[in-house]
Amino acid sequence: QTEEYIDVDDEIQNTAQQTGYAWEEEYKRSWDVLQEDEDGSLKRTVENLQHRMKRKKLFRDTSTIRRGIIRHMFLIIDLSEAMMEKDLRPSRLELTLSYAEQFILEYFDQNPISQLGVIVTKGGIAEKLTDLTGNPMDNIRVLKNKKNTDTDGEPSLQNSLQMARSTLIHVPAHGSREILIIMGSLTTCDPGDIYDTIDSLVSENIRVSVVGLAAEVQICKLMCKKTKGTYGVVLNEAHFKDLLFEIIPPPPVSAAQNKAELVIMGFPSSVTDSMPSLCACHSKPTTSGYICARCNSKICDLPTDCPVCELTLVSSPHLARSYHHLFPIDNFVEVPWNSAFATHCFSCQMPFPNPTSTSLGTRVAPDTSGRYKCNKCNQYFCIDCDVFVHEVIHNCPGCLATTSSH
């Protein structure tokens, strides 16, 4: 686990990213952000920075649009010699592998009926470590193997894309096709014309997103623009994680996929046998597993596709957890001090902050009231409950309490 920290330059850098290049901006004294209060303490300033950082993560698009909750994604990791640079602590490679594990766990937590595979590229070639799978531990296990993470030479963007494409073209039409590339090199060693590869990705509705660790690369920017993906270059360690985790919510359905169709799914029953029997997915003896609802084959984990009859197998909790992306909770509204009448958080019952007295006898109010209101149930929440509601449970406690009382 990497440590979370506050970067006071983050807001300035984000503003510069929106308005132009960093070297075109005026000189800024970022240390002026840290200002002492009347008692000579930085505590209030740090708390306000933490507040703004949490709120910034919560501001997202909450409009109800059609999204593909069945996703098929390949994570392509650059293992070229450029990944040994130490401009990101402890190094680009170590930080990438750490964040990749966190990304995989969060991806499957938020998209439980989706699948993900891992491809690495180094020495001008691409290697598929795992095929598309619904088990996050399969992907994490190969990333922890040191033999799979040795660096060498230059990456091959074209070979990696072709390898991912060869699998994604066989994905059913109701599932989204996505590629996420973590790239630390500024060069790519390709055997052919990469523009032809990009055109084939566009024609097959494969969305490509890139997280760059060094600088903006024109071919990556063009590829993401044509395939309707996202492209970002990291500013620091915290920004790296933010760019990765922005990919976790499912993207809107493209116009080519905007056709309603029914998807056949099976809900297998869980079994525990006294004697081990071979599973159909790995051909290994197991005592526990799930029985396919169509062909009665035994499989180890859910969700997955039955290796015998190719039926999509899920559990009802997985399906239910996928729906919060389709009906997101509206962002809570920050309450100004002149309307801050609530004394306790509705959810955790912790008291809200009040204007405090200083040693000089003056009453000083924090920059924010610490109160955030749900416009549907008109209940007030603290910042921590606001984050927990929108990122973990995806249901407003106040709205649920109002519904149950009726």
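Q: What do residues 292-309 look like, in helix and strand terms?
A: In this predicted model, residues 292-309 are 0% helix and 22% strand. The C-alpha atoms at the two ends of that stretch are 9 Å apart.

Q: What does UniProt list for residues 292-309?
A: The UniProt record, an unreviewed entry, lists "zinc finger region: C4-type" there.

Q: Which strand does E11 pair with, and in what sense?
A: E11 pairs with strand E12, residues 312-313, in the antiparallel sense, over two bridges. One residue to look at is Thr304, whose bridge partner in E12 is Leu313.

Q: What is the strand order in that sheet?
A: The order is E7-E12-E11, in an open sheet of three strands with mixed pairing. Strand E7 (265-266) and strand E11 (304-305) are at the edges with a single partner strand each, so each has one side without a neighbour in the sheet.

Q: What holds paired strands together, in general?
A: Backbone hydrogen bonds, in either a parallel or an antiparallel arrangement.

Q: New topic. Which residues touch the most other members of the largest nonpolar core?
A: Phe103, Leu116 and Phe240, out of 32 residues in that core. Several elements supply at least two residues each, including strand E1 (71-78), strand E2 (115-122) and helix H8 (237-245).

Q: Which element gives the most to this core?
A: H3 does, with nine residues.

Q: And what does Leu116 touch?
A: Leaving out residues up to four places away in sequence, Leu116 touches Met73, Leu75, Phe103, Ile104, Tyr107 and Phe108, among others. Asp131, Leu132, Thr133 and Asn139 are also contacts of Leu116.

Q: What lies apart from the largest core?
A: Another core, of 24 residues, including Ile119, Leu157, Val171 and Val217.

Q: Now the rings. How many aromatic pairs are there?
A: Five.

Q: Why is the pair of Phe332 and Phe381 called stacked?
A: Their ring planes are at 20°, so the pair counts as stacked; the cut-off for stacking is under 30 degrees. The ring centres are 5.0 Å apart.

Q: Where in the chain are Phe332 and Phe381?
A: Phe332 is in the loop between helix H9 (316-322) and strand E13 (333-334), while Phe381 is in strand E17 (residues 380-381). The two are 49 residues apart, and the pair links distant parts of the chain.

Q: Are Phe332 and Phe381 buried or exposed?
A: Both are buried.

Q: Which residues form an aromatic cluster with Phe103?
A: Tyr107 and Phe108.

Q: Last one: where does the charged end of Lys241 sit?
A: Over the ring of Phe245, 5.5 Å from the ring centre.

Conventions
Residues numbered from 1 in each chain as written. Predicted model: local features only at pLDDT ≥ 70, side-chain atom pairs only at ≥ 80, totals over all residues. Heavy atoms only, no water. Pairing = 2+ DSSP bridges. Helix = DSSP H or I, 4+ residues; strand = E, 2+ residues; numbered from the N terminus. Core = buried A, V, L, I, M, F, W, Y, C linked by side-chain atoms within 4.5 Å. Buried < 20%, exposed > 50% of the residue type's maximum accessible area, 1.4 Å probe, protein only. Contact = heavy atoms within 4.5 Å. Phe/Tyr/Trp six-rings, centres within 6.5 Å; stacked < 30°, edge-to-face > 60°. Lys NZ or Arg CZ within 6 Å of the ring centre and 35° of its normal. UniProt positions renumbered as here; feature names shortened; annotations may be inferred.
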